[in-house]
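Please work through the following exercises with the structure open beside you. Each one gives a task and then a solution in steps.

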There are 2 protein chains.
Amino acid sequence: MTDKDLTIQQVAGLTGLSVHTLRYYEKIGLMDPIRRAKNGHRAYHMDDMEWIRLIVRLRSTGMPIVEMQRFADMMRMGDAGISRRRALLEEHEQKLMLQAKELEDTLVVLRDKIAYYRAWESGEHSG
Amino acid sequence: MTDKDLTIQQVAGLTGLSVHTLRYYEKIGLMDPIRRAKNGHRAYHMDDMEWIRLIVRLRSTGMPIVEMQRFADMMRMGDAGISRRRALLEEHEQKLMLQAKELEDTLVVLRDKIAYYRAWESGEHSG
DNA sequence: TATTGACTTGGAGTGCACTCTAAGTTGTAC
DNA sequence: GTACAACTTAGAGTGCACTCCAAGTCAATA
């Protein structure tokens with residue numbers, strides 16, 4: 001393990017994933033097998049970090065694991081997988097735009113209700 | 001069952017929830033018991049529909065069932081629950097604003113990668 | 001009168017994404 | 001040298017939100 005390598009604990013701290021989840025993601029092929037230090041411990045590199053951060057982004061915006069696995073497989077195909085990777089990301093982009101719209105609509109509804117409740121509350125005090 | 005009442009099937013069609021889910025939501029107290037027609041079938045009214053649509057909105061923007069149950073309980077408290085309802089909705093509003101930011105950030109990342117892939121693909125053709 | 005189809009119930013089963021357990025190894029601190 | 005913390009594995013367990021099943025009721029139609 002060189003100076004720049006990170007332990008699983010450190011990666012967990014940096015990414016917000018649990019140590020369990022990091023091992024789980026590796027086991028299901030969402031990450032390539034992480035290099036090991038002499039004692040068998042995982043030694044994460046900066047390249048690994050970048051991939052993990054992308055995974056976390058995709059997950060937090062609702063991409064299911066099976067789709068991220070497909071994306072990981074396309075990464076392993078190298079150049080041959082590029083147009084498929086683009087297609088997958090474009091699909092996700094479409095979903096995110098719909099999600100953003102739903103979210104904005106809901107914010108409007110919420111703010112409307114909140115304003116109504118607030119008006120009722122101040123009426124309660126003065127009335 | 002009067003003319004304006006809806007069957008569970010119709011409500012499913014109108015809300016996007018499954019018949020199973022509608023019964024499930026009623027069972028766990030997310031909805032008040034729905035009135036019954038003479039034959040024992042559920043007869044949904046327009047008031048029910050409005051509540052269901054709110055539920056669907058909250059769910060689709062990530063509110064867990066247990067929190068919607070709390071909100072339903074506050075509805076049953078009537079006026080006494082109003083300020084608590086407002087607090088709950090304001091909390092959700094905060095979460096949605098964070099979600100919206102995460103979403104926008106991810107869209108930037110995705111578009112960046114898509115553009116990169118696209119550039120690579122066109123280079124592939126001409127080179 | 002018999003079949004069809006939409007509904008009813010309680011309770012069991014499913015799929016996803018973790019999350020934890022048990023048993024074992026390794027490297028450092030006292 | 002022994003206690004301790006951090007790591008390793010395979011595999012079991014958990015929590016959420018449905019989703020389905022079996023058995024039964026009821027109204028309408030052939």
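**Exercise 1. Find how far apart the C-alpha centres of the two domains of chain A lie, and describe the contact between these domains.**

Step 1. In this predicted model, the C-alpha centres of domain 1 of chain A and domain 2 of chain A lie 35 Å apart. The bounds to look for along the chain are 1-76 for domain 1 and 89-127 for domain 2.

Step 2. Turning to the contact itself, 6 residues of domain 1 of chain A meet 6 residues of domain 2 of chain A. The area buried between these two domains is about 440 Å², and carbon and sulfur atoms give 62% of it.

Step 3. Between domain 1 and domain 2 of chain A the count is 1 salt bridge. A salt bridge joins Lys95(A) to Glu67(A), with the closest N and O atoms 3.9 Å apart, a distance that passes because the cut-off for a salt bridge is 4 Å. On the side of domain 1 of chain A that touches domain 2 of chain A, the residues divide by class into 3 nonpolar, 2 polar and 1 charged.

**Exercise 2. Describe the interface of chain A and chain B: how many residues does each chain bring to the contact, and what area is buried?**

Step 1. Chain A brings 35 residues to the contact, and chain B brings 35 residues as well.

Step 2. The size of an interface is often given as the accessible area lost when the parts come together. For chain A and chain B the buried area is about 3400 Å², with 69% of it on carbon and sulfur atoms.

Step 3. Across the interface of chain A and chain B there are 8 salt bridges; one salt bridge is formed by Arg57(A) and Glu102(B), whose closest N and O atoms are 3.4 Å apart. Between chain A and chain B, 14 residue pairs are in polar contact, both residues of a pair being at pLDDT 80 or more.

Step 4. To place the side of chain A that touches chain B, look at helix H3 (46-60), helix H4 (65-76) and helix H5 (82-126) of chain A, each of which supplies at least two residues. H5(A) gives the most to this side, with 27 residues. By class, the side of chain A that touches chain B holds 16 nonpolar, 6 polar and 13 charged residues.

**Exercise 3. Examine the surface near DNA strand D: which residues come nearest, and which elements give two or more residues?**

Step 1. There are 17 residues around DNA strand D, and those that come nearest are Gln9(A), Arg23(A), Arg42(A), Tyr25(B) and Arg59(B). Of the atoms of DNA strand D that come within 4 Å of the protein, 75% belong to sugar and phosphate.

Step 2. Consider next some individual side chains. A polar side-chain atom of Tyr25(B) is 2.6 Å from a phosphate oxygen of DNA strand D, and an N or O atom in the side chain of Arg36(A) is 3.1 Å from a phosphate oxygen of the strand. In the case of Lys27(A), a side-chain N or O atom lies 3.4 Å from a base nitrogen of DNA strand D.

Step 3. The elements that give two or more residues to this surface are helix H1 (8-15) and helix H2 (19-27) of chain A, together with helix H2 (19-27) of chain B. The largest share, 4 residues, comes from H2(B).

Step 4. Sorted by class, the surface near DNA strand D has 5 nonpolar, 7 polar and 5 charged residues.

Key: Residues are numbered from 1 along each chain as its sequence is written. Chains are lettered from A and ligands numbered from 1 in the order in which they are written. This is a predicted model: local features need pLDDT of at least 70, side-chain atom pairs count only at pLDDT 80 or more; totals for chains, interfaces and linings use all residues. Side-chain values use heavy atoms; hydrogens and water are left out. A residue is near a molecule or strand if one of its heavy atoms lies within 4 Å of it. A polar contact is a pair of N or O atoms within 3.5 Å; within protein, one must be able to donate a hydrogen and the other to accept it, and residues adjacent in sequence count only if both atoms are side-chain atoms. Ala, Val, Leu, Ile, Met, Phe, Trp, Tyr, Cys and Pro count as nonpolar, Asp, Glu, Lys and Arg as charged, and the others, Gly among them, as polar. Domain bounds come from an automatic or database domain assignment. Contact means heavy atoms within 4.5 Å. Buried area is the accessible area (1.4 Å probe) that two parts lose on being put together, summed over both. A salt bridge is a side-chain nitrogen of Lys or Arg within 4 Å of a carboxyl oxygen of Asp or Glu.
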